[in-house]
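Please read this briefing with the sequence and the structure side by side. It moves from the whole chain to a sheet and then to pairs of helices.

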Amino acid sequence: MSWRRPRSVAGQVFLLQLVVVLLLIATAVTVLVIQDRSRAIQEAGDRSLVAAESFANAPGTAEAMQSDDPTAALQPHAEAVRKKTGVDYVVALSPYGFRWTHPDPDQIGKHVSTSYGEALEGEPHQTTFDSSLGKAVDSTVAVFDEKGDAVGLVTVGVTVDKVTSVVQHQLPVIFAAGGVALLLAAGGSALVSGRLRRQTRGLGPVEMTRMYEHNDAVLHAVREGVIILDADGRLLLVNDEARRLLALPAETEGKPVTGLGLNPALAALLGSGRAATDKVFLAGDTLLAVNVRPVGHKGGSVATLRDTTELRALAGRADVAGGRLQLLYEASTRIGTTLDIRRTAEELTEVAVPRFADFATVELVEPVLHGGEPTGASTEMRRVASAGILGDAPLNPVGTLLRYVPGNPVATGMTTGRPVLVADLSVADGWQAQDPERARRVVEYGIHSMISVPLQARGQLLGIVEFWRSEQEPFEADDLSPAEELATRAAVCIDNARRYTREHTTAVTLQRSLLPGTFPELSALEVGHRYLPAQAGVGGDWYDVIPLPGARVALVVGDVVGHGLHAAATMGRLRTAVHNFAALDLPPDELLAHLDDLVARIDQDAAAEGNTEAVSGATCLYAVYDPVSGRCVLARAGHPGPALVTPDGAVTFPEIPVAPPLGVGGGLPVETADLRLAAGSRLVLYTDGLVEARGRDIDVGLGMLREVLAETYDDDLDDTCRTVLDAMLRAGSGDDVALLVARTRLLDPDQVAEWEVPDDPAAVPRIRAEATRRLEAWGLGEAAFTTELILSELVTNAIRYGASPIGLRLLRDRDSLICEVADGTSTSPHLRRAASTDEGGRGLFLVAQLSRRWGTRYTDRGKIIWAEQALDAGAAGDLSGLLLADL
């Protein structure tokens, strides 16, 4: 029953009783409240009047009012009476209306504006008014002396709410009586409702009528036959569909089901009343599915009949279609899980066998295997994948190069671009002509049918897939559609893998060409290096070792965020820029500042061209090592700092000031750090992919690197690189890694000669003579004449155009002799070609011609002009040729 809209008669009666009882209770409470309110006002008036008369007639009241200070005599008595009687106030007034007493002392002496003339005449005066505390009653009486003259007034006020209310005592009784009445009404309604529900099964007349009409309409409109039988197997009800399916006469109700001429087995099942589910019986030409369910406590059953003649045929076709849909779903999830061409082809065969075919083979055009575009000029294909229910099928093995002859169904499919079905291979002459002997063995093996489907993507033929059957039924025309769908899905994945292979090969080739190959033999360092590309492809990590003048060496490691061609190309641009800046012999901080400007300009140019691939995120570490002093100057821009391994195996991570990454420095200064490296020290430079990994904190990575470097401090450099990568990247790397390990050397002091040059041209002969003696001591007497010319020119220029202090240094390296002249000015010399009439200006030209290379580098105190000579057999002949040419 719904409380808002009762549906049963019992519910409606109960609702009526509820309304009546609630009205009676409300009426009784209203009347009681009105009566109690009137009685309370009367009682409040009586109480105030009694209190006023009692105080007025009390002994001594009149004398106190006639005394010199009535307030002092009356105020204590008035307050005592007020507290004992429970009234709100007891006020004594003069005959003229001035207060002598009051609960609030501030009100004493003030005039009362109410009317009290009636009280002075001897009649008590009562007034009902609304106070701040609610309805109140005030009673005023006069006080007379012995002569009968009014000497004062007494007024007493009582709030009506202070009078005990009868309603408070009677309301529980009223509500209790109402509750009992409601319980009785509910009980009576429940009894009536229960009886009605038992008789009508919980339905009212309207519902029963509607249900009967609805059930009758559904029963005869439903597409299933319905039969209701009693416990004796007699028909109680038969709908129209059951009459049609069983061919029953019009009047069958009340007859036993066994006497209707039905299939004996069907009649026995219906008459037994046993439960049955989807039992199939033949009724004439109709195949019936019968369900029987016992109902009711007195016995009886309900049977349903369903025509399944066409459903059986449709179910078979639906199973086939469902299997094909499931096959295509698996193909969408299992084919193309990698970007490997051969693996994608293998996944196609694995999906097709054994769900669709007993054997499957895939051939691809040769250029596709290497990521190239199929040209279509040749029909040669290489088998790259094969799968089957057995491993001994006489099909061409993987790796075979196949050339399909005209007339072969496979060649036909390649030409038309459509799948080709060969339902019987034993009579397929075109297929057998390809390889008669192998075709005979295939047929004898039991393979009887084949479907060949071209693998096409973007209108280009990538290859062919063949599906073969031996154990399953031969292929039919309906199998062409799923075969083509499988091939289409696989072709797209193979084409994606081909394009990835092409791009990956291009990127790898580009990056390998941009990275350094082999490094020259250096006096300053022994170098070991490794580059490990990321699993996702090539990236932008790079390294380099750049020889500098004065036997010095620059070590550089950089990283460009990202992978692919853009990162590799950007890496090449940065490496080239570093080489150019290093050729200017810039200190590390200036070089990184110039590199930062370059990256910023590259980003600006890319933004102007609408290219969203910027270089932001590039980092670099640049170090310059001098083997004469062992000094190493380092600077870094957003790159991890190096690790330093001392000759005794101690591993530290020197504090190198870090600048922002390249391109985002905004002109901020780059700071350097100076290290003094002992001979045999190892400087380890790396990119962040070595120490950073998903799920591993960088501090943990640095700790691991410290441990492996400490264990390998005495190993060969290549072994150290291999051990470091194996230890740090056991689970592979999501980023590429560049590693550079350099073991330092110091030049023997005997390989270095230094002189302080006075600021006097007369000192040049002496310096030249001392330099010649040192060359002879080194066994380089043949180079003395050339060296004298070079240092004479450089020292003379320093004295003439430079400033003190002036110094000369000779360095003997592996195959070169380096002459360095330092002075205190930053003015750079300029090479020019003097005319035939000029008397001077040929000094630097001679230096440039006599040396392998020369240049200028700046220091904190000035500059150094250096010239490097090659110590080979042809060095002395160069001078003779030059002199003869000048003559």
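The protein chain exposes about 45,400 Å², and carbon and sulfur atoms supply 54% of that area. The model is a predicted one, and of the 887 residues of its protein chain, 43% count as buried.

**The chain as a whole**

- The protein chain has 23 helices and 31 strands, a few of which are taken up below.
- When contacts between residues at least 6 apart in sequence are considered, 61% of them join residues that are at least 24 apart.

**An open sheet of strands**

- One open sheet is built from 6 strands, which pair in the antiparallel sense and follow the order 12-11-10-15-14-13.
- Strand 12 (401-403) and strand 13 (420-422) form the edges of this sheet, and each of these two pairs on one side only.
- On average, and with direction ignored, neighbouring strands of the sheet are turned by 25° against each other.
- Within the sheet's order, strand 15 stands beside strand 14, and the antiparallel pairing of strand 14 (residues 449-457) with strand 15 (residues 460-469) runs over 9 bridges.
- To look at a single bridge, start from P454, whose bridge partner in strand 15 is I464.

**Helix 18 with helix 19**

- Two packed helices are described by the angle between their axes and by the distance between the axes.
- For helix 18 (residues 698-711) and helix 19 (residues 717-728), the axes come within 10 Å and cross at roughly 145°, and the crossing is right-handed.
- Helix 18 brings G701, M704, L705, V708 and L709 to the contact, while helix 19 brings T720, T723, V724, A727 and M728.
- Sorted by class, the residues in this contact between helix 18 and helix 19 are 7 nonpolar and 3 polar, with no charged residues.

**Helix 20 with helix 21**

- Helix 20 (residues 764-777) and helix 21 (residues 784-801) also have axes that come within 10 Å, and these axes cross at roughly 145°.
- The crossing in which helix 20 passes helix 21 is right-handed.
- From helix 20, the residues V764, R768, A771, T772 and L775 take part, and they meet A784, T787, E788, L791, S792, V795, T796 and I799 in helix 21.
- By class, the contact of helix 20 with helix 21 has 7 nonpolar, 4 polar and 2 charged residues.

Technical notes. Residues numbered from 1 in each chain as written. Predicted model: local features only at pLDDT ≥ 70, side-chain atom pairs only at ≥ 80, totals over all residues. Heavy atoms only, no water. Pairing = 2+ DSSP bridges. Helix = DSSP H or I, 4+ residues; strand = E, 2+ residues; numbered from the N terminus. Axes fitted to C-alpha atoms, helices over the stretch in contact; angles between N-to-C directions. Buried < 20%, exposed > 50% of the residue type's maximum accessible area, 1.4 Å probe, protein only. Contact = heavy atoms within 4.5 Å. Areas by Shrake-Rupley, 256 points an atom, 1.4 Å probe, with all protein chains shown as cover. Left-handed = near helix turned anticlockwise from the far one by under 90°. Nonpolar A, V, L, I, M, F, W, Y, C, P; charged D, E, K, R; others polar.
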